[in-house]
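Biologist: Let us go through this model together. I want a reason behind each term you use.

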Amino acid sequence: MCGIVGYIGDGSAKEIIISGLKSLEYRGYDSAGIALHRGGKLLLRKESGVIANLEKRITKKDFDGNLGIGHTRWATHGAPIRENAHPHMSCDGRIAIVHNGIIENYMELKAWLVKNHDVEFKSETDSEVIAQLICVYYKDDLVAAVRKAVARMRGAYAVGVISADDPDHIVAVRKDAPLIAGIGEGCNYLASDIPALLRYTRDIYLIENDETVIISKDDIKIFDGDMTRVKREKMHVTWDAAAAVKGGYEHFMKKEIYEQPEAVNKTLEGRINAKGEVKLDGIKLTKKELDAINRIYIVACGTAYHAGMQGKEVIEGFARIPTEVDLASEFRYRKPIVDSNTLFICISQSGETSDTIEAMREAKRKGARILSICNVVGSSVTRESDDVLYTWAGPEIAVASTKAYTTQLVCLFLLALYMGRARGTLLPKEYKRIVDELKKLPAKLTEALGTDEHVAKLAKKFSVREQIFYIGRGSDVGTSYEASLKLKEISYINSFAIAAGELKHGTIALINRGTLFIVFATQDYLYEKMLSNIEEIKARHAYVIAVAKKGNTRVGKISDDTIMIPECADEVASILAVVPMQLFAYHIAKLRKRDIDKPRNLAKSVTVE
Ligand code: M6R
């Protein structure tokens with residue numbers, strides 16, 4: 001998720017922008033850059049890696065000015081290299097822009113600019129088209145040119161623009177990406193987030209969708225989509241910087257749990273077309289290649305492995321290809337049967353997990369095709385893969401993975417649908433039914449977050465327990481594993497997940513009076529079986545919290561407590577059922593005063609074996 005900072009006034013734009021960008025580090029970034037107005041020209045410096053790399057390049061006095069825009073980039077389109085860093089300049093060097101978001105129709109715009117205006121692009125980004133478009137439309141009115149360019153753009157954006165011809169203004173527009181203007185004395189600011197400006201001002205204007213803002217040293221003018229001047233109340237920020245970076249949440253984990261509807265929306269965006277067909281950018285597998293695949297391995301670690309467990313179900317179900325799920329740390333040392341007809345699907349949030357990378361290399365050596373599902377553009381996993389499906393969850397800061405998991409599940413669904421359709425193994429009616437269910441997910445995830453208060457009460461009741469069991473059948477097995485991992489890694493409670501049917505083969509001996517079981521019963525075709533499992537453990541005096549779909553009331557009658565998730569098709573229930581479990585783990589860990597975002601002994605990215 002990128003950060004934007006802009007400044008206009010009598011101070012050093014370079015210093016203010018750098019300090020603002022540093023306050024946005026929590027957003028995650030892999031390159032940074034600044035464009036300044038000086039002496040009728042635009043000066044540009046950008047660098048890959050940390051902001052300190054950029055600072056080294058801008059120490060000279062001749063790189064400064066009183067007007068500028070800066071950006072920290074978290075790569076989406078194109079690797080995290082200097083050329084792809086923002087700001088982007090128009091070919092003639094007269095327009096510079098910074099952009100957060102994704103321009104969905106950038107390919108089409110790029111082709112138009114190349115064909116009709118001989119534009120030579122310098123980066124692989126979607127964002128560069130904005131600078132080139134504005135330049136094409138610019139005669140002598142920057143605002144008019146920006147509006148014309150925006151009218152051709154589809155997607156999400158917060159864009160800041162400066163022109164070499166205009167030493168007095170920054171122009172900015174937004175749609176579905178955050179943007180604020182900061183009010184100073186004899187100076188004004190632009191930013192994607194409030195923390196970027198807290199050192200300089202606490203008075204801000206929130207910019208709304210489709211609005212244009214024109215910022216000068218002494219004035220901030222806001223216009224609606226029709227360019228009618230808008231009167232906006234200023235907001236005075238009273239929170240401290242630490243609270244602001246977490247967007248008002250106490251922990252990054254909570255923030256990321258709550259970001260799931262938006263993250264899933266981003267994962268789906270642009271991947272289901274108007275006809276309801278799944279189109280996967282980054283997947284180059286042809287029908288012929290897909291038909292030749294006779295075995296799939298899904299390989300990953302931790303939470304990503306649990307996503308893989310769900311992936312096996314949907315890939316086998318929709319595409320009818322035998323699929324195995326393996327832990328990367330095991331796969332790399334056993335003798336898997338891999339050849340050129342094998343598809344190796346690697347799942348990793350960070351793309352830097354050592355075990356996963358080595359397993360992938362092993363499969364590659366044996367001739368497999370490598371497809372990765374990953375959140376970080378330009379990471380090792382993506383660089384070494386033949387095909388990449390990005391999760392687009394945005395940076396995940398908390399060690400406990402939440403939004404990466406749900407977006408991995410969505411990617412696996414999209415992939416399974418794509419394969420099922422291409423291979424003709426999924427009936428059109430079924431295909432449509434699942435696509436429709438996926439489209440409803442962002443709204444249903446919001447509904448699932450509505451369980452928070454109830455779950456917090458349950459957490460209070462059970463926070464002193466030292467042992468919790470999770471059981472389920474079908475896709476609820478994967479959810480049980482993930483729910484259990486979430487709890488143990490942040491609360492340090494000993495939890496255990498097992499397929500419900502397996503309980504009677506040994507683990508049932510552990511049940512004492514009051515032993516806590518969280519029982520998933522979200523699968524309609526397995527509902528009766530789960531009710532029997534509940535009876536079985538209740539007969540041994542266990543305490544049962546059941547997780548079921550709204551409307552399935554029988555489970556409530558035989559359980560001690562219930563958590564209801566939104567009504568949905570069985571296939572997608574795992575994406576919703578995990579949400580209350582993330583919240584349950586979070587609340588228990590909080591009550592036990594754990595270091596939630598950085599649990600003991602754990603690292604966000606496990607780059608050692
Ligand atoms: O970055 P990766 O997805 O490859 O990481 C894999 C695991 O280390 C990770 O999912 C880990 O299990 C999380 N801490 C779980 O919340």
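The talk below takes up a cavity and a domain interface.

Modeller: One caution before we start: this is a predicted model.

Biologist: What makes the largest cavity a cavity and not a pocket?

Modeller: A 1.4 Å probe fits there but cannot get out, so the term is cavity. The search of the whole structure finds 1 cavity of 30 Å³ or more. About 40 Å³ of space lies in the largest cavity.

Biologist: How do you know which residues line the largest cavity?

Modeller: A lining residue has an atom within 4 Å of a cavity point. Cys2, Arg73, Trp74, Thr76, His86, His99, Gly101, Asp126 and Ser127 line the largest cavity. By class, that lining has 2 nonpolar, 5 polar and 2 charged residues. Gly counts as polar, so Gly101 goes with the polar ones.

Biologist: Which domains does the assignment give?

Modeller: Domain 1 (3-245), domain 2 (254-448) and domain 3 (449-591). The centres of domain 1 and domain 2 are 33 Å apart, over C-alpha atoms.

Biologist: What makes domain 1 and domain 2 contact each other?

Modeller: Contact needs heavy atoms within 4.5 Å. Domain 1 gives 11 residues and domain 2 gives 11 residues. Between them they bury about 930 Å², 68% of it on carbon and sulfur atoms. In domain 1, Trp74, Thr76 and Glu104 lose the most area to domain 2, together 45% of what that side buries.

Biologist: How many salt bridges cross the interface of domain 1 and domain 2?

Modeller: The rule finds 0. A bridge would need a Lys or Arg side-chain nitrogen within 4 Å of an Asp or Glu carboxyl oxygen. Residue pairs in polar contact, both at pLDDT 80 or more, also come to 0 there.

How values were computed: Residues numbered from 1 in each chain as written. Predicted model: local features only at pLDDT ≥ 70, side-chain atom pairs only at ≥ 80, totals over all residues. Heavy atoms only, no water. 1 Å grid on protein atoms, 1.4 Å probe; cavity = no way out; pocket = protein on both sides within 12 Å on 5 of 7 lines; lining within 4 Å. Points joined across faces, edges and corners; volume = space filled by probe spheres on them. Domains from an automatic or database assignment. Buried area = accessible area lost by both parts, 1.4 Å probe. Polar contact = N/O pair within 3.5 Å; in protein donor to acceptor, adjacent residues only side chain to side chain.
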